[in-house]
Amino acid sequence: MGTVQIRNVRKSYGAVEVLHGVSIDIEDGEFVALVGPSGCGKSTLLRMIAGLEGITGGDIVIGNRVVNHVAPKDRDIAMVFQNYALYPHKNVRDNMGFALKQRRVPKPEIERRVGDAARILGLEPLLERKPRQLSGGQRQRVAMGRAIVRDPNVFLFDEPLSNLDAKLRVQMRSEIKELHQRLKTTTIYVTHDQIEAMTLADRVVVLNGGVIEQEGPPLELYDKPASLFVAAFIGSPPMNFLQGDMVAGNGLRLADGRVLPLPAADPKGRQRVTVGVRPEHFALAESGWPAIVTIVEPTGSETQITARLADEVIRILVRGRTDAEPGDTIHLHVDSIHFFDAAPVPELALEDPV
């Protein structure tokens, strides 16, 4: 069974605690992404599951066995690292089969497993090549093949695509998702890129400062963020935020005194709130929120507009094209909003999460 249970796991380095009692239950065959900014504890947690880091407190259970003190090689897991760590003097075939050879698996079985993995990953024409003769994407596929041949109960991925260029990352995302759909092996995937997490995983766990901010299906996190941090982190371009006082039921008074009409009232009845609007929930209109255009970025199928509303910079995502130019005043209709407690917006909301 490829179930993984993380029970109240803590990790400290001396007096510094980096994981504060994390608990996650992962079902057999599930694809779970651990996502968050640098320093949130996601890679540390993955290394603890792999047995590469000790546990300060709590339990990690793989299958029906507590593995806190089990050596990495005996945990029935396979890990794919950010750095491919291929043996430069061995060809693709020998790199993929090396771990099996070390475990004294019979040669015919090694050949069968390597052949099966090579077919799955499209590596058959490359089996005799050395790593220096491969592209970055091909090397990453070899690293994945090395994990597949072990036929583990759990795959662990530690930011495997961060060394690839943008086009290759998109391609490899598709290949990893297709691989999981074919093998149905439990997968835990660490990334700082929320787009990877959203597109790949059955469930996303958002970590911040060593605690879980929210977990759930990707679209649930997108549509119903439980905190200002999750709202700021999930989504690209990121959510826009405006802070002010609620007036007349569904109006928001900004710091400069202007009142913006809202499509809904705060369900919790708070006086001071932070309102979040996703860029695609704005629409250009004849009347509505007034904003001054500062940047127009056409991409063909859509246009991203950066504008200033009162003292705030906002981003608007328009399907298709627009005649708006820098300096123009535009009016915005708002389709949907999110309400949060009034609080400073996390700095990561001021730039695209990566």
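**Following helix H5**

In helix H5, one of the DSSP runs (H or I, at least four residues) numbered from the N terminus, the residues Met172, Arg173, Ile176, Leu179 and His180 are buried, meaning under 20% relative accessible area with a 1.4 Å probe and protein chains only. They lie on the same side of H5 because they cover an arc of only 130° around the axis, taken from the directions from the helix axis to the C-beta atoms. An α-helix has 3.6 residues a turn, so residues three or four places apart point the same way.

This is a predicted model, in which local features need pLDDT of at least 70 and side-chain atom pairs count only at pLDDT 80 or more, while totals for chains, interfaces and linings use all residues. Residues are numbered from 1 along each chain as its sequence is written, and side-chain values use heavy atoms, with hydrogens and water left out.

The buried residues of H5 pack against several elements, including strand S3 (31–35), helix H3 (107–121) and helix H6 (194–200); strands are DSSP runs of E with at least two residues, and contact means heavy atoms within 4.5 Å. At the N-terminal end, H5 is capped by Asp165, with a side-chain oxygen 3.3 Å from the backbone nitrogen of Lys167, where a polar contact is a pair of N or O atoms within 3.5 Å, one able to donate a hydrogen and the other to accept it, and residues adjacent in sequence count only if both atoms are side-chain atoms. After H5 comes Lys184, whose phi is positive, near 60°.

Note on methods. Buried < 20%, exposed > 50% of the residue type's maximum accessible area, 1.4 Å probe, protein only.
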